Amino acid sequence: MHWQTTRFRLELSRPLVMGIVNVTPDSFSDGGQHVAQADGRAHCERLVAEGADILDLGGESTRPGAPLVPADEEWRRLQPVLAHALTLGVPVSIDTWKPEVMQRALALGADIINDVHALETPGALDAVAAHPSCGVCLMHMRGVPADMQARTDYRDVVDEVRDYLRGRVAAALAAGLAGERLALDPGIGFGKTVEQNFELLQRQRAFQSLGRPLLVGWSRKSSLGALTGRPVGERLAGSVAAALAAVQQGAQIVRVHDVAATVDALKVWQAAGLVRPAGALADS
Ligand code: 7PM
């Protein structure tokens with residue numbers, strides 16, 4: 001299995017680490033401190049030095065209840081950091097759901113569009129379909145960030161998330177995107193209870209039937225806080241354990257803040273013979 005992106009065809013023979021770069025003044029994991037663009041550029045360099053395989057740049061916090069950022073402002077934050085990130089030799093993903101931001105990022109050379117709304121926003125599917133080869137991550141969410149935690153009434157969370165992602169793959173294919181450009185994400189924490197998030201982890205192998213790489217993000221999320229009793233700044237151990245568990249359960253890509261720790265943990269996992277060989281997930 002591979003993931004086609006603008007500049008890179010990613011072989012998924014080992015788990016890849018996607019490093020999170022928040023270019024937002026209200027980023028939840030840095031205590032609300034302003035992240036200057038110069039810091040965003042330095043952070044990209046640091047994550048690549050730590051072993052990030054992919055950088056994921058976000059210019060709008062998707063925190064529940066967070067103010068919506070106008071596309072112009074989001075792009076103003078992203079543009080200088082994206083321009084720099086594109087020189088670092090790894091694929092660069094843009095975490096956005098706004099078609100205008102997608103278009104501008106792709107015009108500048110972004111490799112991947114990571115959309116928490118799975119290209120449901122009017123114009124988003126067309127924006128990525130107009131590009132010949134960018135990668136796309138389609139994530140499941142219920143509702144919008146402001147109300148998503150009020151909508152956790154699933155009959156079977158795994159079945160419903162899987163059906164949703166299957167439908168979004170079909171929509172992307174119908175719009176002309178090649179299947180090899182798509183990765184899928186169950187959207188940990190987006191409209192799910194703590195129990196539902198862990199059920200998605202326990203039964204994560206159910207997503208293999210979709211035939212596309214699975215990208216999963218547990219890093220510093222509140223379900224880890226609920227389990228461990230830890231505030232967001234003390235969730236490193238839980239985050240690393242969750243990333244390893246996700247890989248063990250078949251994830252090809254883990255989205256993390258703490259790249260160095262995750263890369264170390266995956267090296268040990270690999271040396272212990274616990275990382276599945278290439279192709280081992282082809283069926284099930
Ligand atoms: C506040 C709350 C700020 C939540 C940021 C977040 C994912 C994502 C995010 C994910 C994919 C975070 C989230 N989470 N994209 N974007 N998968 N594909 O914790 O799980 O980083 S934003």
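**Reasoning from cut-offs in a predicted model**

Trainee: What makes C44 count as buried or exposed?

Mentor: The relative accessible area of C44 is 0%. Buried means under 20%, so C44 is classed as buried. Please bear in mind that the model is predicted.

Trainee: Is C134 buried or exposed, and how do you know?

Mentor: C134 has a relative accessibility of 0%. That value lies under 20%, and therefore C134 is also called buried.

Trainee: How many disulfides does the structure hold?

Mentor: The count is 0. A disulfide is a covalent bond that joins the sulfur atoms of two cysteines.

Trainee: Why is C44 not assigned to a disulfide?

Mentor: The cysteine sulfur closest to that of C44 belongs to C137, at 18 Å. The cut-off is 2.5 Å, so the pair is too far apart for a bond.

Trainee: What is the corresponding reasoning for C134?

Mentor: For C134 the closest cysteine sulfur is again in C137, here at 12 Å. Set against 2.5 Å, this distance is too far for a bond.

Trainee: Why is G211 called partly exposed?

Mentor: Its relative accessible area is 39%. Partly exposed covers values between 20% and 50%, so G211 falls in that class. G211 is placed in the loop between α6 (194–202) and β9. Its C-alpha is 9.3 Å from that of G179, although 32 residues separate the two in sequence.

Trainee: How do you know that D185 makes a polar contact with the ligand?

Mentor: An N or O atom in the D185 side chain is 2.6 Å from a nitrogen atom of the ligand. The limit is 3.5 Å, so the pair qualifies as a polar contact. D95 has a side-chain N or O atom 2.9 Å from a ligand nitrogen, and for R255 the value is 2.8 Å, to a ligand oxygen. The protein buries 93% of the 480 Å² that the ligand exposes when taken alone.

Trainee: Which residues around the ligand are the closest, and what classes make up the shell?

Mentor: The ligand is surrounded by 15 residues, with D95, N114, D185, K221 and R255 the closest. The shell comprises 6 nonpolar, 4 polar and 5 charged residues.

Trainee: What makes β4 and β5 paired strands?

Mentor: Strand β4 (residues 54–58) shares 4 bridges with β5, in the parallel sense. Pairing requires at least two bridges, so the criterion is met. Within this pair, L57 has I94 as its bridge partner.

Trainee: How do you know that β5 and β6 pair?

Mentor: Between β5 and strand β6 (residues 112–115) there are 3 bridges, and the strands run parallel. Since at least two are needed, these strands pair as well. S93 lies opposite I112 of β6.

Trainee: Which residues of β5 point each way, and are they buried or exposed?

Mentor: In strand β5 (residues 92–95), V92 and I94 point one way, S93 and D95 the other, and all are buried. Strand β8 (residues 182–185) is likewise buried on both sides, with L182 and L184 on one and A183 and D185 on the other.

Trainee: Why are β8 and β9 called edge strands?

Mentor: The open sheet has 8 strands in the order β8-β7-β6-β5-β4-β3-β10-β9, with parallel pairing. β8 and β9 (215–216) each have a single partner strand, so one side of each lacks a neighbour in the sheet. For β8, 4 parallel bridges connect it to strand β7 (residues 135–139), where L138 is the bridge partner of L184.

Definitions and conventions. Residues are numbered from 1 along each chain as its sequence is written. This is a predicted model: local features need pLDDT of at least 70, side-chain atom pairs count only at pLDDT 80 or more; totals for chains, interfaces and linings use all residues. Side-chain values use heavy atoms; hydrogens and water are left out. A residue is near a molecule or strand if one of its heavy atoms lies within 4 Å of it. A polar contact is a pair of N or O atoms within 3.5 Å; within protein, one must be able to donate a hydrogen and the other to accept it, and residues adjacent in sequence count only if both atoms are side-chain atoms. Accessible areas come from the Shrake-Rupley method with a 1.4 Å probe; for residues, only the protein chains shown count as cover. Ala, Val, Leu, Ile, Met, Phe, Trp, Tyr, Cys and Pro count as nonpolar, Asp, Glu, Lys and Arg as charged, and the others, Gly among them, as polar. Buried means under 20% relative accessible area, exposed over 50%, partly exposed in between (1.4 Å probe, protein chains only).
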